[in-house]
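These are my notebook entries on a structure I had not examined before. I set down each point as I looked it up.

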Amino acid sequence: MSLTNCRRMEAVLSVAFAFCFLVTSGVHGDRLTVLQSPDFVSFQKGDWPVSGEKIPDLVALTMGFSVQEDLAWPGLKAGPLFQRPRANVLVVVRGVGSLDMPKSVASYPLENPVPFTLDSVAETVHSLFAEDTPVVLQLAPSEERLYMLGKANAVFEDLPVTLQQIRARLSQDGSVLASLPLNSLSRNAEADLLFLSEVQVLHDITALLQRHRHLAKDHSPDLYSLELSGLEELSRVYGQDSSQYRDATAILGAVLQKFGEDVYSLYGNSTVVEVVTVKTFEAPLTRKSRSILESKQISNPGSPYNLAYKYNFQYAVVFNIVLWLMIALALAVIVTAYNLWNMDPGYDSIIYRMTNQKIRMD
């Protein structure tokens, strides 16, 4: 075989290898999966990649909020102007590229998986619906990080937060250990207990929501952000080829599928539930501890920042009343003017009619 043919064969093999790598990464890479969504939030089926840093903007758009930059992504169609989902639930699963959830609405490849938070969306919910005290819950059990706002303080006050509390909850009545097929998972290993603790938190959230069904009937949208890293710990301890990791992946996929269905049903089929699966984030996340209650709400029109008035929930109602009243008055003026223009003074006007009769009598 000549040197030229060898080089050609090497080029063909390299192209084939690159193609196989791209196909494999597209199937088994990081994913954004939409488990549930109402009819008026339309996700299109396709393989359009979405950037990790755009996830907060995507969540904001599904809730009917505006974003600073337009999201040039064809996976989400524009919905009706006066309808918004009652809640949005985002679950971030670290340590796995994808999960088997066959009943999902749509799934998209995730590129540039940088760490992100929903702090901007939570701040928007709080600023627009402060009087209605919406539920805002951000929870990461592995880091014992919890942030609650509004009605969440009363609803989830009994939710175990620290790992010690969650592990104590696993030994109580109603624990998920009695219903889950553990298989190779152990109740004594630290990594296994971390994973099972996160599954227990998902179960407890749905149980508390079933106890407080009135949350789904108010006018303010609710926001839930959960971060699970149990699979990442299992992968680090046992490896991705271990039976523990495979069993945990199957369990989590089924649990998240049921979790999405339960939340979707509790909110009257008006909830968007997304799952982001990522093996590893590309950069560490640095968070600044602060409360969005400390943010200044400036609604003064004379402000040097030229900010708009504070949004009122009745704005849409007042806007529709004024709009249609103006349209009705405009149509009335047009009809009146048309009739006056085409009026015959001798027949349609009583003044001219009486004048003509008086003239004839004289």
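Which residues of β7 are buried on one side, and which on the other? The model I consulted is a predicted one. On one side I found D222, Y224, L226 and L228, and on the other L223, S225 and E227; these are all buried, and both faces of β7 are thus recorded as covered. I noted the general background that side chains in a regular strand alternate between the two faces of the sheet.

I then looked up the strand as a whole. Strand β7 comprises residues 222-228, and seven of the seven are buried, so the strand is largely enclosed by the rest of the structure.

Next I turned to the strands paired with β7. Strand β3 (residues 87-94) runs parallel to β7 and is joined to β7 by seven bridges. Within this pairing I located V93 opposite L228. Strand β5 (residues 136-140) is also parallel to β7, with four bridges between them. Here I recorded S225 of β7 as the bridge partner of Q138.

I moved on to helix α3, residues 119-128, where I listed V121, A122, V125, H126 and S127 as the buried residues. Their cover includes β7, together with α2 (55-62), β5 and β6 (145-149).

My last entry concerns the surface. I found a nonpolar patch of about 730 Å², made by Y315, F319, L323, W324, I327, L331 and I334. One of these residues, I327, lies in helix α9 (residues 315-341). Is I327 buried, partly exposed or exposed? I327 has a relative accessible area of 37%, and I therefore entered this residue as partly exposed.

Note on methods: Residues are numbered from 1 along each chain as its sequence is written. This is a predicted model: local features need pLDDT of at least 70, side-chain atom pairs count only at pLDDT 80 or more; totals for chains, interfaces and linings use all residues. Side-chain values use heavy atoms; hydrogens and water are left out. Buried means under 20% relative accessible area, exposed over 50%, partly exposed in between (1.4 Å probe, protein chains only). Helices (H or I, at least four residues) and strands (E, at least two) are DSSP runs, numbered from the N terminus. Two strands pair if DSSP finds at least two bridges between them. Patches are made of residues with over 30% relative accessible area and no salt bridge: like charges are joined within 9 Å, nonpolar side chains (Val, Leu, Ile, Met, Phe, Trp, Tyr) within 5 Å. Accessible areas come from the Shrake-Rupley method with a 1.4 Å probe; for residues, only the protein chains shown count as cover. A salt bridge is a side-chain nitrogen of Lys or Arg within 4 Å of a carboxyl oxygen of Asp or Glu. Contact means heavy atoms within 4.5 Å.
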